Amino acid sequence: MPLIEAKHLSKSYGALRAVSDVSFSVDRGEVVGFLGPNGAGKSTTMKMLTGHLRADAGSAHIAGFDVADEAVRAKQHLGYSPEGAPAYGEMTVREFLRFAADLRGLADPAESVRRTLALCRLEEVAAQGIDTLSKGYRMRVGFAQAVLHDPEVLILDEPTDGLDPNQKHEVRRILKEMAATKAVIVSTHILEEVGELCTRVIVIAKGEVRCDESREKFLARGADLNAVFRQLTA
Amino acid sequence: MTSPAPAAPGLKPFAAMLRREFAGYFRTPLAYVFLAVFNAFAVSLAFFVGGLYESGVASLDRFFLYHPWLWAFLAPAAGARLWAEERRQGTLELLLTWPITVWQAALGKFLAAWLFLACALLMTLPVAFTVGWLGDPDWGVILSGYAGSLLCAGACLGIAAIASALTRSQVIAFVTGFLACFLLVLVGYGVFDELLTGLLGQEGLFIRWRQFVFRVTVDDFRQLGLWRNLEPFTLGLVDARPVAYFLSVAFAGLGLSTIIVERR
């Protein structure tokens, strides 16, 4: 059974059809690059997968659980970092992660927080208020809360957005280390990320899946990935 | 299922939510300002406007008289952040993708806010002790007055929760919540009697539904007033009707705000 399954997902905002009949599934060990121009429906699809938005039609399953009917069970297996990595700014990094660990009902919350702080290299800012952190650190805090419970499914909405090259490298390194045991979806505008990180690519435009293929097949479409992207999303 | 499910979290998410929200009030200086303002007004109104000392009666009814006004202003101030702040920071998306139901989250937030208002109320206990020192009050009546005031705070908080669920601006949430609570204070004093009589007629309005006929009179509206429902408590009468009224408004507000967040 795939860890992530989207079946005929559709969503409209008034007259605007944001996502139209999107279906795909992701197995353990796969890192799917979710590509598409701004407004293509990437975030809306992710929000439906995570149960944040209710789909007008279709269904989404995380680790076999329907995100609408068995929401809490599905969310126990899910780590999600929304776009911009929102967090409670008035809390310190440690307090925030501890809250997330308590809310998830983890068996040993203190140990989970300690391990995650080390994994995401956040120890030095652990006692700092999130509001006072640089964007790079804030993005890492968002990432940290998503991996805190070592979930089987990771859905990350532009996790490297706004990071400097070193920070991007760091996030990709952590993701690669974890990828073998998880199903991961990473939305991105950065086409180089496909080659560096992903095992599979899904391109979405105007709410429809335009391409769903292995990294090798996608890279073989042409040397100029920007041109390939433009062609697929036209 | 592809792997063993994590243990069911039970009440842990709710408890975590309650703790975070309650502690959240004390993370900013605003909470201390709030507590100071509540106390200053509660005491000043009782002594300088209500003439608690000059009355020469060892009772707190003049102290509780102003509580509907205080809660109408301060419960929306404390409740404005409930959902509006989550929307503004973008954390609502995060919260709703964590393994907690919206109802658990909403109840945790609501009870934390109510507990915070209870703290504000408890800080006025020196007024009761002063009255006890000056005279020989009926402590049962004072206790029921405090219980009524706390219930009144819950009702105002329920209204504030709805206002907060509707917007991402705490200021708009506060103003809307305050106006709605203010209306509930005024309606009990009969301020709108003429207007309502014009609308409903002298005999009241008759609503027919199937074989039933309901009559809605101006007095029915007056019964919704906050002071009208708090007054019996300050006289030591713990009647089921005002208890039901305050709890209904509180939990209807909680329920409605939760539905608004759920249907976002």
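Helices and strands are taken here as DSSP runs, numbered from the N terminus, with at least four residues (H or I) for a helix and at least two (E) for a strand. On that basis B:Gly236 belongs to the loop between α13 (226-234) and α14 (240-262) of chain B. The model is a predicted one.

## The loop residue B:Gly236 and chain B

A residue counts as buried if 20 or more other C-beta atoms lie within 10 Å of its own, and as exposed if 12 or fewer do. B:Gly236 has 17 other C-beta atoms within 10 Å and is therefore partly exposed. Leaving aside residues up to four places away in sequence, B:Gly236 touches B:Asp138, B:Gly140, B:Val141 and B:Ser144. Its C-alpha atom is separated by 33 Å from that of B:Glu21, and the two residues are 215 residues apart along the chain.

Chain B as a whole contains 14 helices and two strands. Along the principal axes, its C-alpha atoms fill a box of roughly 70 × 55 × 30 Å. Of the 264 residues in chain B, 41% are buried. Among contacts in chain B between residues at least 6 apart in sequence, those joining residues at least 24 apart account for 80%.

## The contact between chains A and B

Contact between the chains involves 26 residues of chain B and 27 residues of chain A. On the side of chain B that touches chain A, α1 (12-25) and α6 (91-95) of chain B each supply at least two residues. The largest share of that side, five residues, comes from α1(B). By class, the residues of the side of chain B that touches chain A comprise 13 nonpolar, nine polar and four charged.

## Helix α3 of chain A

Helix α1 of chain B also appears in the surroundings of α3(A): what covers the buried residues of α3(A) includes α4 (109-119) and α5 of chain A together with α1 of chain B. Nine of the eleven residues of α3(A) are buried, and the helix is mostly covered. The buried residues include A:Arg98 and A:Asp102, as well as A:Phe96, A:Leu97 and A:Phe99. After α3(A) comes A:Gly105, with a positive phi near 70 degrees.

The axes of α3 (residues 93-103) and α5 of chain A come within 10 Å and cross at roughly 25 degrees. The two helices are therefore roughly parallel to each other, a description that applies because angles under 35 degrees count as such. Their crossing is right-handed. On the α3(A) side the contact is formed by A:Val93, A:Phe96, A:Leu97 and A:Ala100, which meet A:Val141, A:Ala144 and A:Gln145 in α5(A). This contact has six nonpolar residues, one polar residue and no charged residues.

## The open sheet of chain A

Chain A has an open sheet of six strands in the order β6-β7-β8-β3-β9-β10, with mixed pairing. The edges are occupied by β6 (78-81) and β10 (208-214) of chain A; each has a single partner strand, so one side of each is left without a neighbour in the sheet. From one strand to the next, the twist averages 15 degrees.

Strand pairing can be parallel or antiparallel, in either case through backbone hydrogen bonds. Three of the pairings are set out below.

| Strand pair | Sense | Bridges | Opposed residues |
|---|---|---|---|
| β6(A) and β7(A) | parallel | four | A:Leu78 and A:Val153 |
| β3(A) and β9(A) | parallel | four | A:Val32 and A:Arg200 |
| β9(A) and β10(A) | antiparallel | six | A:Ile202 and A:Asp212 |

Strand β9(A) pairs with β3(A) and with β10(A). Five of the six residues of β9(A) are buried, so this strand is largely enclosed by the rest of the structure. The hairpin of β9(A) and β10(A) has two residues between the strands, and A:Lys206 takes a positive phi near 50 degrees there.

## Helices lying across the sheet

Helix α5 (residues 135-147) of chain A, the partner of α3(A) in the crossing at roughly 25 degrees, lies across β6 and β7 of chain A and runs at about 170 degrees to β6(A). Helix α9 (residues 225-233) of chain A lies across β3 (31-35), β9 (200-205) and β10 of chain A, and runs at about 50 degrees to β9(A).

Terms used: Residues numbered from 1 in each chain as written. Chains lettered and ligands numbered in written order. Predicted model: local features only at pLDDT ≥ 70, side-chain atom pairs only at ≥ 80, totals over all residues. Pairing = 2+ DSSP bridges. Axes fitted to C-alpha atoms, helices over the stretch in contact; angles between N-to-C directions. Contact = placed C-beta atoms within 7 Å. Nonpolar A, V, L, I, M, F, W, Y, C, P; charged D, E, K, R; others polar. Parallel < 35°, antiparallel > 145°, perpendicular 65-115°, else oblique. Left-handed = near helix turned anticlockwise from the far one by under 90°.
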